[in-house]
Amino acid sequence: MRNKKIKPYFGLLEHKADMGIRGYGNSFEEAFQEAAKAMFSIMVELETVQKKDKFEIRIEENSLEKLFVKWLNELLYLSDAKQFLFKEFKIKDISERKNTFSLTATAFGEKLNAKKHTLNTEVKAATYSGLTVEKQRNIYIAQCVVDV
(Lines give C-alpha, C1' and ligand atoms only; values in the text may rest on other atoms or scores of the structure.)
Protein backbone atom coordinates (compact mmCIF):
# COMPACT_ATOMS: atom_id res chain seq x y z
CA MET A 1 0.00 0.00 0.00
CA ARG A 2 1.42 3.38 -1.04
CA ASN A 3 1.54 6.25 1.39
CA LYS A 4 -0.92 8.99 0.55
CA LYS A 5 0.74 12.36 -0.08
CA ILE A 6 -0.43 15.39 1.83
CA LYS A 7 -0.57 19.02 0.83
CA PRO A 8 2.27 20.69 2.81
CA TYR A 9 1.04 23.19 5.38
CA PHE A 10 2.07 25.05 8.53
CA GLY A 11 0.58 25.86 11.92
CA LEU A 12 1.15 28.10 14.93
CA LEU A 13 1.28 26.72 18.47
CA GLU A 14 0.18 28.47 21.65
CA HIS A 15 3.02 29.22 24.09
CA LYS A 16 3.08 31.27 27.30
CA ALA A 17 5.56 33.99 26.32
CA ASP A 18 6.67 33.10 22.81
CA MET A 19 5.16 31.39 19.78
CA GLY A 20 5.48 27.87 18.46
CA ILE A 21 5.71 27.08 14.77
CA ARG A 22 5.20 23.78 12.99
CA GLY A 23 5.64 22.74 9.37
CA TYR A 24 4.18 19.60 7.79
CA GLY A 25 5.10 17.97 4.50
CA ASN A 26 5.86 14.86 2.48
CA SER A 27 9.59 15.31 3.19
CA PHE A 28 11.82 17.13 5.64
CA GLU A 29 12.42 19.70 2.89
CA GLU A 30 8.70 20.51 2.71
CA ALA A 31 8.31 20.54 6.51
CA PHE A 32 11.26 22.98 6.86
CA GLN A 33 9.79 25.21 4.11
CA GLU A 34 6.38 25.32 5.79
CA ALA A 35 7.88 26.05 9.21
CA ALA A 36 9.73 29.02 7.67
CA LYS A 37 6.41 30.26 6.24
CA ALA A 38 4.85 29.89 9.68
CA MET A 39 7.65 31.97 11.20
CA PHE A 40 7.31 34.75 8.64
CA SER A 41 3.50 34.69 8.99
CA ILE A 42 4.07 35.83 12.59
CA MET A 43 6.15 38.77 11.32
CA VAL A 44 4.15 39.95 8.30
CA GLU A 45 0.93 39.33 6.40
CA LEU A 46 2.39 37.04 3.72
CA GLU A 47 -0.16 38.21 1.12
CA THR A 48 1.48 41.66 1.16
CA VAL A 49 4.91 40.25 0.19
CA GLN A 50 5.90 39.55 -3.42
CA LYS A 51 8.57 37.19 -4.76
CA LYS A 52 10.71 39.90 -6.39
CA ASP A 53 14.17 38.78 -5.26
CA LYS A 54 15.85 35.69 -3.92
CA PHE A 55 18.67 34.60 -1.64
CA GLU A 56 20.62 31.36 -1.99
CA ILE A 57 21.26 29.65 1.33
CA ARG A 58 23.66 26.84 2.17
CA ILE A 59 24.17 25.71 5.76
CA GLU A 60 25.53 22.70 7.65
CA GLU A 61 25.05 21.26 11.13
CA ASN A 62 25.77 18.02 12.96
CA SER A 63 22.13 17.00 13.48
CA LEU A 64 18.85 17.42 11.63
CA GLU A 65 17.34 19.24 14.62
CA LYS A 66 20.22 21.73 14.80
CA LEU A 67 20.00 22.20 11.02
CA PHE A 68 16.32 23.14 11.37
CA VAL A 69 17.02 25.80 14.02
CA LYS A 70 20.00 27.12 12.04
CA TRP A 71 17.80 27.32 8.90
CA LEU A 72 15.25 29.50 10.66
CA ASN A 73 17.89 31.69 12.31
CA GLU A 74 19.72 32.17 9.00
CA LEU A 75 16.47 33.44 7.49
CA LEU A 76 15.96 35.81 10.43
CA TYR A 77 19.55 37.06 10.09
CA LEU A 78 19.10 37.75 6.35
CA SER A 79 15.76 39.42 6.98
CA ASP A 80 17.23 41.72 9.61
CA ALA A 81 20.59 42.45 7.94
CA LYS A 82 19.12 43.07 4.48
CA GLN A 83 15.77 44.57 5.63
CA PHE A 84 14.08 41.84 3.62
CA LEU A 85 10.83 39.88 4.02
CA PHE A 86 10.48 36.31 2.79
CA LYS A 87 7.33 34.73 1.42
CA GLU A 88 8.29 31.38 -0.11
CA PHE A 89 11.09 28.88 0.27
CA LYS A 90 12.43 26.13 -1.96
CA ILE A 91 14.76 23.69 -0.27
CA LYS A 92 16.61 21.90 -3.03
CA ASP A 93 18.22 19.33 -0.79
CA ILE A 94 18.74 18.18 2.77
CA SER A 95 21.43 15.53 2.87
CA GLU A 96 23.66 13.74 5.35
CA ARG A 97 27.28 12.89 4.81
CA LYS A 98 29.72 11.75 7.47
CA ASN A 99 27.49 12.90 10.36
CA THR A 100 27.04 16.34 8.79
CA PHE A 101 23.63 17.50 7.58
CA SER A 102 23.55 20.11 4.84
CA LEU A 103 20.75 22.20 3.40
CA THR A 104 20.67 24.04 0.09
CA ALA A 105 17.76 26.42 -0.49
CA THR A 106 16.42 29.54 -2.14
CA ALA A 107 14.31 32.05 -0.21
CA PHE A 108 12.03 34.40 -2.15
CA GLY A 109 10.65 37.79 -1.10
CA GLU A 110 11.29 41.49 -1.29
CA LYS A 111 12.78 44.48 0.48
CA LEU A 112 10.82 45.68 3.51
CA ASN A 113 8.48 48.57 2.72
CA ALA A 114 6.53 49.81 5.76
CA LYS A 115 3.97 51.52 3.51
CA LYS A 116 3.24 48.32 1.60
CA HIS A 117 3.73 45.48 4.08
CA THR A 118 1.44 44.76 6.98
CA LEU A 119 3.91 44.08 9.80
CA ASN A 120 2.95 42.03 12.84
CA THR A 121 5.23 40.76 15.61
CA GLU A 122 9.02 40.71 15.41
CA VAL A 123 10.60 37.26 15.72
CA LYS A 124 14.02 37.51 17.40
CA ALA A 125 15.23 33.91 17.16
CA ALA A 126 14.33 30.27 16.68
CA THR A 127 15.04 28.27 19.85
CA TYR A 128 15.59 24.66 20.87
CA SER A 129 12.47 24.81 23.04
CA GLY A 130 9.76 22.45 21.81
CA LEU A 131 12.12 21.27 19.07
CA THR A 132 10.89 18.28 17.09
CA VAL A 133 12.02 17.08 13.66
CA GLU A 134 10.45 13.73 12.91
CA LYS A 135 8.43 11.52 10.61
CA GLN A 136 5.04 10.29 11.88
CA ARG A 137 3.68 7.63 9.54
CA ASN A 138 3.89 9.37 6.16
CA ILE A 139 3.99 12.97 7.45
CA TYR A 140 7.21 14.86 8.15
CA ILE A 141 7.05 17.45 10.96
CA ALA A 142 9.45 20.24 11.97
CA GLN A 143 8.60 22.47 14.93
CA CYS A 144 10.11 24.73 17.57
CA VAL A 145 9.37 27.78 19.67
CA VAL A 146 10.45 31.19 18.36
CA ASP A 147 11.35 34.11 20.61
CA VAL A 148 9.04 37.06 19.89
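**Entry 1: the hairpin.** I started at the hairpin of strand 4 and strand 5. Two residues sit between the strands. Lys98 takes a positive phi there, near 50 degrees. I note that this is a predicted model.

**Entry 2: strand 4 with strand 5.** Next I looked up how the two strands pair. They run antiparallel, and 12 bridges join them. I picked out one bridge: Phe89 has Ala107 of strand 5 as its partner.

**Entry 3: the other side of strand 5.** I then turned to strand 3. Strand 3 pairs with strand 5, residues 100-111, over nine bridges. The sense is antiparallel here. I noted Asp53, whose bridge partner in strand 5 is Gly109.

**Entry 4: the sheet.** In what order do the three strands lie? I read 3-5-4, in an open sheet with antiparallel pairing. Strand 3 (53-61) and strand 4 (84-97) are the edge strands, since each pairs on one side only. I also checked the turn between neighbouring strands of this sheet, which is 20 degrees on average, direction ignored.

**Entry 5: helices on the sheet.** I looked for what packs on these strands. Helix 1, residues 28-43, packs on the sheet and touches strand 4 and strand 5. The direction of helix 1 makes about 155 degrees with that of strand 4. Helix 2, residues 64-82, lies across strand 3, strand 4 and strand 5. I read an angle of about 145 degrees between helix 2 and strand 3.

**Entry 6: helix against helix.** How far apart are the axes of helix 1 and helix 2? They are 11 Å apart, and the helices pack at an angle of about 40 degrees. Angles under 35 degrees would count as roughly parallel. Helix 1 is therefore oblique to helix 2. The crossing is right-handed.

**Entry 7: who makes the contact.** I went through the residues where the helices meet. Helix 1 brings Phe28, Phe32, Ala35, Ala36, Met39, Phe40 and Met43. Helix 2 brings Leu64, Leu67, Phe68, Trp71, Leu72, Leu75, Leu76 and Ser79. I then sorted the contact by class: 14 residues are nonpolar, one is polar and none is charged.

**Entry 8: Lys111.** I picked one residue of strand 5 to follow, Lys111. Which residues does Lys111 touch, leaving out those up to four places away in sequence? I found Lys82, Gln83, Phe84 and His117. Gln83 is 28 residues from Lys111 along the chain, yet their C-alpha atoms are separated by 6.0 Å.

**Entry 9: the whole chain.** Last, I stepped back. The protein has two helices and eight strands. Along the sequence I read the pattern β-β-α-β-α-β-β-β-β-β. The C-alpha atoms fill a box of roughly 50 × 30 × 30 Å along the principal axes. I compared the radius of gyration with the value for a compact globule. With 148 residues, such a globule would come near 15 Å; the protein has 15 Å, so the two agree.

Technical notes
Residues numbered from 1 in each chain as written. Predicted model: local features only at pLDDT ≥ 70, side-chain atom pairs only at ≥ 80, totals over all residues. Heavy atoms only, no water. Pairing = 2+ DSSP bridges. Helix = DSSP H or I, 4+ residues; strand = E, 2+ residues; numbered from the N terminus. Axes fitted to C-alpha atoms, helices over the stretch in contact; angles between N-to-C directions. Contact = heavy atoms within 4.5 Å. Parallel < 35°, antiparallel > 145°, perpendicular 65-115°, else oblique. Left-handed = near helix turned anticlockwise from the far one by under 90°. Nonpolar A, V, L, I, M, F, W, Y, C, P; charged D, E, K, R; others polar. Rg over C-alpha atoms; globule rule 2.2 N^0.38 Å.
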